[in-house]
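Trainee: I should be grateful for a close look at a single part of this structure, the nonpolar patch on its surface. Which element gives the most to the nonpolar patch?

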Amino acid sequence: MKKRLLCQRFWEWAVLAVIVALMVARIIRAAEEQGYGIDEIVNVQAAYSFLTQGNYTSMVEGAAFPMTGIFPPGISSGIVVTWPAGIIFALHGNLFLARLLTGLVVLVQILLLSGLFLRRQGWCWRHGLLGGAFLSGILFQWVPVGMWFVLSLGELQGVLLVAWALLVLPRNLWAASFLMGAAVWGCKFMYMPAMMMLTVAVLASMEGRMAARFKRGAMMVIVFLLPVVLWLLIIAARFGGAEALAWPGRWVWFVKHGFSGFDGVQAIPMMGRFTAGALEWSRDALPVKLAELGFFLAPFIFTGSAMLAGRMARVSRVFWIYTLCAWGCILFLFAWFFGKSPTMWPQHAQPGMYLGVLFIVVFGASWLADLELQIRSLSRYVINAA
């Protein structure tokens, strides 16, 4: 019996090693083959400049918004995303190594997040890491332009911070709020709706007086703002208080007037956006379009299937609150991308798609636990048959 158990564990670790090796090979291939883009150049230069000169800036003159000068807000991917590339170049490395380190940091996070989460659901570490390996395959292969994260873009790293926040939320609300702040201010501002919905969910699920709820919500907002306050303190220490005070105004200008900002929204009817030549959607391949729609709509299809299967009868009120808030966040991002996005670039749909994947993983934890028992039974059957 002991020999069979050791054999089962060996094969499980072997499968995990093979899948991780395939994902590392996928990262290496992406690091070698991805073309050079203005976003990557700007982000890498900014990270290198921050680590060596204390100024998050680039040498690229932005046509639509500034990316040079003192901490220009036009560089929309923050240091929380770009630090691996900055370290590589500070050590006189090259772009391939910068991409490789960025990809490996993401892969390690996915494995740890899945392992820790599934461990809480009753899985063993081996099967939890296996779940993370399969999840990385979904994120790398099925999400449109999914490998662009090696270019130091912030969409995937942002949702990983959201996932870390949800993981620590039951034990430490303030750490979760800080991580959400890091996702919004240090990765991508597009994750702001996730923080808003998380705050609503926490307040709605609390018991007690309304005053206590609002006090807790105010503290969440304060902790959420700490990363940007820290950013302003760095600007003040490096360039003076006047520059720090001017930065929020420049950031608001970028959000409003930037190339993908609110002023860029074109007056195109909803249905016309799917065929308008000025928007990227009309030029995307059919698999890309199906993937974008599928990941956005998957949480609602998944929930409906669970209700039809009778798996929602035993869930708590708190679970429903968080589910509805997750729906609200994904619906907002869906409406923004398909109804208002000035460009409809695939990477701008990624926050909603990634949150859809995250919703499925969290929501389907009990189903995954059942699957884990089936995997164990199947493994024992294969070993006995051999």
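Mentor: Helix α9, which spans residues 210–239, gives the most to the nonpolar patch, contributing six residues. Please bear in mind that this is a predicted model. The patch covers about 570 Å² of the surface, and its members are Phe178, Val221, Leu225, Leu226, Val229, Leu230 and Leu233. Phe178 lies in helix α7, which runs over residues 173–186. The relative accessible area of Phe178 is 38%, so this residue is partly exposed. Because a residue must have over 30% relative accessible area to belong to a patch, Phe178 at 38% meets that requirement.

The patch may now be set against the whole chain. The chain has 14 helices and zero strands, and from the N terminus on, its elements therefore read as α throughout. Of its 386 residues, 47% count as buried. The accessible surface comes to about 19,100 Å², and carbon and sulfur atoms account for 70% of that area. Among contacts between residues at least 6 apart in sequence, 70% join residues at least 24 apart.

The cysteines deserve a separate word. The structure holds zero disulfides. For Cys325, the closest cysteine sulfur is that of Cys329, at 9.5 Å, which is too far for a bond, because a disulfide requires the two sulfur atoms to be within 2.5 Å. Cys325 counts as buried, at 9% relative accessibility. Cys187 is buried as well, with a relative accessible area of 1%.

Technical notes
Residues are numbered from 1 along each chain as its sequence is written. This is a predicted model: local features need pLDDT of at least 70, side-chain atom pairs count only at pLDDT 80 or more; totals for chains, interfaces and linings use all residues. Side-chain values use heavy atoms; hydrogens and water are left out. Patches are made of residues with over 30% relative accessible area and no salt bridge: like charges are joined within 9 Å, nonpolar side chains (Val, Leu, Ile, Met, Phe, Trp, Tyr) within 5 Å. Accessible areas come from the Shrake-Rupley method with a 1.4 Å probe; for residues, only the protein chains shown count as cover. A salt bridge is a side-chain nitrogen of Lys or Arg within 4 Å of a carboxyl oxygen of Asp or Glu. Helices (H or I, at least four residues) and strands (E, at least two) are DSSP runs, numbered from the N terminus. Buried means under 20% relative accessible area, exposed over 50%, partly exposed in between (1.4 Å probe, protein chains only). Contact means heavy atoms within 4.5 Å.
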